[in-house]
Protein chains: 2
Amino acid sequence: MPEKKRERRDPELRRAEILKAALACFAERGFAATRMEDVAARAGIAKGTVYLHFPDKERLFIELVSGIASPILGEVGGMIQNETIPARTVVSMFYSLFKREVLETERRHMLRLILAEGPMFPVVTEFYHREIITKGLAILRVVLGRAAARGELRNPAVAEVPQLVMAPALMTVVWATLFEGYEHLDAQKLLDTFLNTIFVPEGGAK
Amino acid sequence: MPEKKRERRDPELRRAEILKAALACFAERGFAATRMEDVAARAGIAKGTVYLHFPDKERLFIELVSGIASPILGEVGGMIQNETIPARTVVSMFYSLFKREVLETERRHMLRLILAEGPMFPVVTEFYHREIITKGLAILRVVLGRAAARGELRNPAVAEVPQLVMAPALMTVVWATLFEGYEHLDAQKLLDTFLNTIFVPEGGAK
DNA sequence: TGTTAATGACTGTCCAGTCAGTCATATTGA
DNA sequence: TCAATATGACTGACTGGACAGTCATTAACA
């Protein structure tokens, strides 16, 4: 049996290839059901090679889910510097970024993986809470606080429970990864409807 | 080595005990990481005994998640027969039931398990979509449709995306099972705030 | 005494992680 | 320019442990 042709690579590149393959495998079958050989095969290399780049399966997983800390927060966080931008615009931008950068990419599976495997990897959950959730909520509190003060919110109490604004985004990901195959959900419509519900109608004009 | 004392049981009862033990184990560690011996030990029996009641691990899991089809839908479904009840009351009742019967019981873990392991068990996902999601959304469509017609909704378009009403409930479960240990979320407040946001204020009195 | 629930040692399989050996490429020196 | 040599990325057969599922034996009850 002839050995497959060997191909040398820039380690940096190899690493990225392995991570990409791992994302596909973990997203498809979860942590436990993914075999290191699957990841290797998908990356077009032998099993041993994976271990030249990652010490073990758990670390491969953790590196993967930690590396997704997307630039979304940075962009939205930057927007709130400008106090004149209406809160609705900021939240709408957040949803758009979320849709384009997470929901419509492979990253949506990562989010499901964190929900799914989180309790098995407290390190990951803690990282996400600290780096993503806390920061995201802080930004939302600022934005919604201003909106409440300006009368942009139909119900000012929303500013006290920013998790409520994240709920529709969470729903779109859960639906997309579980039920989309059985019944379509228009994520854009869901998010837009929510925006139209929490914010007072613009201008009252037409 | 003395064998542990054997205790005979009504098969019906044994079955229930095993399911209870399995729920605790699966909720704690997920499907893959749960050993059949763990389930047996937790139920106070030997491993072989589990196999007298369930053919294999997968079937045990499926029976478990399928058997949670709670009476919530029945109760709420019954309420919509009476057209005079305000939509807000119906949705509020739905949230209360959800909170008492799912969020504050072991079942909250079942919900997380379905999110987590769903893609590995299409049978389970399909069952949930067909038996729970579809029926729940149908009820919500009726209730929200009426509400829109009566002017009870701040934004009538909500009636077209009933998933939006499920989103806050989903958020409370996800938060409770992942982040509650790091940061408390007042589920009641979140749900109440949402109700106050989508429904027009009552009477305008006070 | 016969019937059946219950037991737990056992078996076969699967897979994470290892490591001795291989080969593509780079470097050296003529 | 072209061997000769060195380097380390890459390979995949192998090992050790874990665990799902089995079944011969044992104990409980009628």
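A polar side-chain atom of Thr49(B) sits 2.4 Å from a phosphate oxygen of DNA strand C, a pair that falls under the polar-contact rule (N or O atoms within 3.5 Å; within protein, one must be able to donate a hydrogen and the other to accept it, and residues adjacent in sequence count only if both atoms are side-chain atoms). Helix H3 (47-53) of chain A and helix H3 (47-53) of chain B are the elements that give two or more residues to the surface near DNA strand C. This is a predicted model: local features need pLDDT of at least 70, side-chain atom pairs count only at pLDDT 80 or more, and totals for chains, interfaces and linings use all residues. Residues are numbered from 1 along each chain as its sequence is written, chains are lettered from A and ligands numbered from 1 in the order in which they are written, and side-chain values use heavy atoms, with hydrogens and water left out.

**DNA strand C**

- DNA strand C is surrounded by 22 residues, where a residue is near a molecule or strand if one of its heavy atoms lies within 4 Å of it.
- The closest of these residues are Arg6(A), Lys47(A), Arg8(B), Arg14(B) and Thr49(B).
- Sugar or phosphate accounts for 61% of the atoms of DNA strand C within 4 Å of the protein, and bases for the rest.
- Lys57(A) places a polar backbone atom 2.9 Å from a phosphate oxygen of DNA strand C.
- Arg6(B) reaches a base instead: an N or O atom in its side chain is 2.9 Å from a base nitrogen of DNA strand C.
- H3(B) makes the largest contribution to the surface near this strand, with 4 residues; helices here are DSSP runs (H or I, at least four residues), as strands are (E, at least two), numbered from the N terminus.
- By residue class, the surface near DNA strand C holds 5 nonpolar, 4 polar and 13 charged residues.
- In this count Ala, Val, Leu, Ile, Met, Phe, Trp, Tyr, Cys and Pro are nonpolar, Asp, Glu, Lys and Arg are charged, and the others, Gly among them, are polar.

**DNA strand D**

- Around DNA strand D there are 23 residues, the closest being Arg14(A), Ala46(A), Thr49(A), Arg6(B) and Lys47(B).
- Of the atoms of DNA strand D within 4 Å of the protein, sugar or phosphate makes up 63%, and the rest belong to bases.
- A polar backbone atom of Ala46(A) is 2.7 Å from a phosphate oxygen of DNA strand D.
- From chain B, Arg35(B) brings an N or O atom of its side chain to 3.0 Å from a phosphate oxygen of DNA strand D, and Lys57(B) has a polar backbone atom 2.9 Å from a phosphate oxygen of that strand.
- Two or more residues of the surface near DNA strand D come from H3 of chain A and from H3 of chain B, and H3(A) gives the most, with 4 residues.
- The surface near DNA strand D is made up of 5 nonpolar, 4 polar and 14 charged residues.

**The interface of chain B and chain A**

- The contact involves 45 residues of chain B and 45 residues of chain A, contact meaning heavy atoms within 4.5 Å.
- About 4100 Å² is buried between the two chains, 74% of it on carbon and sulfur atoms; buried area is the accessible area (1.4 Å probe) that two parts lose on being put together, summed over both.
- In chain B, the residues that lose the most area to chain A are His129(B), Gln163(B) and Tyr182(B), together 13% of what that side buries.
- The rule finds 4 salt bridges across this interface, each a side-chain nitrogen of Lys or Arg within 4 Å of a carboxyl oxygen of Asp or Glu.
- Lys189(A) pairs with Glu160(B) in a salt bridge whose closest N and O atoms are 3.1 Å apart.
- There are also 13 residue pairs in polar contact across the interface, both residues at pLDDT 80 or more.
- On the side of chain B that touches chain A, at least two residues come from each of helix H1 (11-33), helix H7 (107-117), helix H8 (122-150), helix H9 (163-178) and helix H10 (187-198), with H9(B) giving the largest share, 10 residues.
- That side of chain B divides into 28 nonpolar, 9 polar and 8 charged residues.

**Symmetry and fold**

- Chain B superposes on chain A (RMSD 0.1 Å) by a rotation of 180° with 0.0 Å of shift along its axis, the fit being by least squares on the C-alpha atoms of residues with pLDDT of at least 70 in both.
- The two copies are therefore related as by a two-fold rotation axis.
- Ala116(B) has the C-alpha nearest the axis in chain B, 1.9 Å from it.
- The copies meet through the same surface, because 100% of the interface residues of chain B are also interface residues in chain A.
- Chain A contains 10 helices and 0 strands, and its C-alpha trace spans about 75 × 35 × 30 Å along its principal axes.
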